Amino acid sequence: MTFINKIIVSIVQLMPKALVRFFSARYIAGDTLQDAINITKQLNAKGIYTTIDVLGEAISNIEEALESKKACSEVLDAIKENNLMANLSIKPTQMGLGIDEDFCYKHVADLVEEAEKMNNFVRLDMEDSPYTDKTFNLYKKLKEKYNNTGVVVQSYLKRTLDDVKSLNKLGTNYRLCKGIYIEPEEIAYKNRQKVRDSFLESLRQMFKDGNYVGIATHDEYLIKGAYKMIDEMKISKDKFEFQMLLGVREDLRDKINADGYKIRIYVPFGEHWYKYSIRRLKENPNVAGHIAKNILLFR
Ligand code: FDA
């Protein structure tokens, strides 16, 4: 963490909630499902897809996991009712992965089955490294029964190319991203270029074995690299999409869309936006740099 980021993290934690809200507003659809629906409608009107995420804090009991499941189920219903070009992203720990793996499987499977009936899709987000294997196990078990689910891999993890080689055998629908958590250097690349190299190497392997990839990045270097690879390997458009976070690099988002590539925006919503913003900030102080940029932008 740079000195300046440390200072920003401290200041943001002391800021009144309303001010934090002001700066995080562009990254979060709002408190309610209706907010996520509204944003999705606006993006859909431009031909842009979304994936909707119900913000939640780490849960500590089964009842909270059931509440999260209910909220996710409501998202699926709303997507159907409003005829939205959107799917659902879930955090496995919100469904109880850290409490009881069998319980988590059962309830995630219910959601995937519900989505299947609606011809929709559920993405399992990837969290920090204590959950990597558990999340892959959950995904593999779901994949035995369902095709409308996919997982995320993080290019900063040194294990990722091996995971990709193994998951490719299942015909996996991936989201490939750099990874947002602070991980120990024994298991994760810390060098920016190594993370990028690992990203492109994994992408090549995914394409080579014919998998579908959500290329989730705002890094122009990687987007250019992906364009080049798609061209060289003659990857058809039904084998990939680009993905970005709400409120980030909208210029680039619109360019990718104008270039005729499918693009999906990650749209988080929910009452837990404050805790979520602060936790994200502590987890990854680089976000502090982005908040600082926003402050400058708003002056
Ligand atoms: P990088 O961080 O280098 O950013 C490139 C440029 O984008 C920056 O210079 C800046 O201009 C801009 N930028 C990036 N993030 C910004 C922000 N928050 N605010 C303002 N500007 C920003 N991670 C994970 O561990 N598990 C997951 O399941 C997911 N899921 C996921 C879904 C989607 C759709 C996306 C786009 C990302 C994720 N991530 C994630 C987060 C991902 O791992 C990564 O931390 C961020 O995408 C930032 O990495 P970039 O590749 O964008 O590069």
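Start by selecting F242 and Y261: both residues are buried in this predicted model. Show their side chains and look at how the two rings meet. The ring centres of F242 and Y261 are 5.8 Å apart and the planes sit at 55°, so this pair counts as tilted. Now colour by secondary structure to see where each partner comes from. F242 belongs to strand 7 (residues 240-245), while Y261 is in the loop between helix 10 and strand 8. The two are 19 residues apart, and their pair links distant parts of the chain.

Keep Y261 on screen and add Y227. Is Y227 buried or exposed? Y227 is buried, just as Y261 is. If you like to describe ring pairs properly, the things to quote are the distance of the centres and the angle of the planes. For Y227 and Y261, the centres are 4.8 Å apart and the planes are at 70°, so this one is edge-to-face. The contact again links distant parts of the chain: Y227 is in helix 9 (residues 220-232), and Y261, 34 residues away, is in the loop between helix 10 (250-258) and strand 8 (263-269).

Next, widen the selection to F207, Y227, F240, F242 and Y261. Ring pairs join these residues into a cluster. Across the whole structure, 6 aromatic pairs turn up.

Rings also meet charges here, and there are two spots to visit. Pick R196 and Y221: the charged end of R196 sits over the Y221 ring, 4.3 Å from its centre. Then jump to K141 and Y105, where the charged end of K141 lies over the ring of Y105, also 4.3 Å from the ring centre.

Now for a short helix stop. Select helix 2, residues 17-24, and highlight V20, F23 and S24, which are its buried residues. Look down the helix axis: these residues cover an arc of only 95° around it, so they are on the same side of helix 2.

Last stop, the second largest pocket. How much space lies in it? About 470 Å³. To centre your view, select V54, L55, E67, A71 and H272, the closest to the pocket centre among the 20 residues that line it. Then show helix 4 (residues 62-81), which gives the largest share of that lining with 6 residues. Finally, colour the lining by class: you should find 7 nonpolar, 6 polar and 7 charged residues around the second largest pocket.

Technical notes
Residues numbered from 1 in each chain as written. Predicted model: local features only at pLDDT ≥ 70, side-chain atom pairs only at ≥ 80, totals over all residues. Heavy atoms only, no water. 1 Å grid on protein atoms, 1.4 Å probe; cavity = no way out; pocket = protein on both sides within 12 Å on 5 of 7 lines; lining within 4 Å. Points joined across faces, edges and corners; volume = space filled by probe spheres on them. Helix = DSSP H or I, 4+ residues; strand = E, 2+ residues; numbered from the N terminus. Nonpolar A, V, L, I, M, F, W, Y, C, P; charged D, E, K, R; others polar. Buried < 20%, exposed > 50% of the residue type's maximum accessible area, 1.4 Å probe, protein only. Arc of directions from axis to C-beta. Phe/Tyr/Trp six-rings, centres within 6.5 Å; stacked < 30°, edge-to-face > 60°. Lys NZ or Arg CZ within 6 Å of the ring centre and 35° of its normal.
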